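Subject: Handover of a structure for your review

Dear colleague,

Please find below the structure that I am handing over to you. A summary of what was found in it follows, set out by topic.

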Amino acid sequence: MAKKIEGYLKLQVPAGSATPSPPIGPALGQRGLNIMEFCKAFNAKTQDVEKGAPCPTVITYYSDKSFSFEVKTAPVSFFLKKAANIKSGSQTPGRGTVASVTKAQVREIAEAKMKDLNANDIESAMLMVEGSARSMGVEVTE
């Protein structure tokens with residue numbers, strides 16, 4: 001018989017550096033889940049990802065206090081900041097640009113994010129990435 005799903009928990013955890021400190025510890029602890037088990041499994045699963053990259057994680061926890069989790073790729077904004085070599089986006093998006101990225105870099109980001117985007121092809125994914133770039137104040141050049 002399948003386990004009964006108790007609920008879902010969404011966290012954004014830096015890759016390879018999950019620790020029992022907040023926000024992970026309290027979020028898992030109040031649901032009665034084994035915090036250290038999650039930290040060890042998460043760090044093992046994200047060891048090949050760039051250390052410190054934010055990884056959106058969906059934890060499914062069951063009535064018997066066991067859990068499973070799915071790690072998604074880092075947000076588009078993280079990839080854009082890295083490609084444009086900036087710390088943060090524009091304070092006034094739509095009015096000025098902070099940096100620029102090339103179409104080739106946008107394609108690279110779209111290919112990396114493709115499995116988490118709801119796009120049918122790479123061109124649609126590129127349009128989504130370009131939209132995120134515009135909202136951050138990053139210009140896309142040829």
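A residue is called buried when its relative accessible area is under 20%, exposed when that area is over 50%, and partly exposed in between. Please note that this is a predicted model.

Overall form

By the cut-off just given, 39% of the 142 residues of the chain count as buried. The C-alpha atoms fit a box of roughly 55 × 30 × 25 Å along the principal axes. The surface that the chain exposes comes to about 8500 Å², and carbon and sulfur atoms supply 52% of it. Five helices and five strands make up the secondary structure, and read from the N terminus the order of the elements is β-α-α-β-β-α-β-α-α-β. Among the contacts with a separation of 6 or more, 60% are between residues 24 or more positions apart.

The largest pocket

The largest pocket holds about 190 Å³ of space. Its lining consists of 14 residues, and those nearest the centre are V49, C55, K72, T73 and A74. Sorted by class, the lining has seven nonpolar, five charged and two polar residues. Helix α3, residues 76–84, gives the largest share of this lining, with three residues.

Salt bridges

Side chains of opposite charge can pair when their charged atoms come close. In this model the count is five salt bridges, and three of the pairs are described here.

One of them joins the side chains of K82 and E50, with 2.8 Å from N to O. Because K82 belongs to helix α3 and E50 to the loop between α2 (35–45) and β2 (54–62), this pair ties together parts that are 32 residues apart in sequence. E50 itself is partly exposed, with a relative accessible area of 40%.

Another salt bridge is formed by E130 and K103, whose closest N and O atoms are 2.8 Å apart. E130 lies in helix α5 and K103 in helix α4 (residues 103–113), so the pair ties together parts 27 residues apart in sequence. How accessible is each partner, E130 and K103? E130 counts as buried because its relative accessibility is 11%, a value under the 20% cut-off. K103, at 28% relative accessibility, counts as partly exposed. Leaving aside neighbours within four places in sequence, E130 is in contact with V106 and V140 as well as with K103.

The side chains of E123 and R107 also meet in a salt bridge, at 3.4 Å from N to O. This pair links distant parts of the chain, with E123 in helix α5 and R107 in helix α4, 16 residues apart. Both are partly exposed: E123 has a relative accessibility of 42%, and R107 one of 32%. Salt bridges that share partners join R107, E111 and E123 into one network.

A further residue of helix α5

R134 is also placed in helix α5. With a relative accessible area of 56%, R134 is exposed, whereas E130 of helix α5 counts as buried. Apart from neighbours within four places in sequence, R134 is in contact with P93 and G94. The C-alpha atoms of R134 and V101 are separated by 11 Å, and these residues are 33 apart along the chain.

Backbone geometry

Most residues other than glycine have a negative phi, and most peptide bonds are trans. Which residues of this chain depart from that pattern, in the peptide bond or in phi? The peptide bond from P22 to P23 is cis, with omega near 5 degrees. P23 is placed in the loop between β1 (5–14) and α1 (24–29).

K65 is not a glycine, yet has a positive phi of about 70 degrees. K65 is found in the loop between β2 and β3 (67–71), and at 47% relative accessibility counts as partly exposed. N85, likewise a residue other than glycine, has a positive phi near 60 degrees. N85 lies in the loop between α3 and β4 (99–102) and is exposed, with a relative accessible area of 71%.

Yours sincerely,

A colleague

Conventions: Residues are numbered from 1 along each chain as its sequence is written. This is a predicted model: local features need pLDDT of at least 70, side-chain atom pairs count only at pLDDT 80 or more; totals for chains, interfaces and linings use all residues. Side-chain values use heavy atoms; hydrogens and water are left out. On a 1 Å grid over the protein atoms alone, a cavity is a set of points where a 1.4 Å probe fits but cannot get out, and a pocket is an open set with protein on both sides within 12 Å along at least five of seven lines; lining residues have an atom within 4 Å of a point. Grid points are joined across faces, edges and corners, and a volume is the space filled by probe spheres set on the points. Helices (H or I, at least four residues) and strands (E, at least two) are DSSP runs, numbered from the N terminus. Ala, Val, Leu, Ile, Met, Phe, Trp, Tyr, Cys and Pro count as nonpolar, Asp, Glu, Lys and Arg as charged, and the others, Gly among them, as polar. Buried means under 20% relative accessible area, exposed over 50%, partly exposed in between (1.4 Å probe, protein chains only). Contact means heavy atoms within 4.5 Å. Accessible areas come from the Shrake-Rupley method with a 1.4 Å probe; for residues, only the protein chains shown count as cover. A salt bridge is a side-chain nitrogen of Lys or Arg within 4 Å of a carboxyl oxygen of Asp or Glu.
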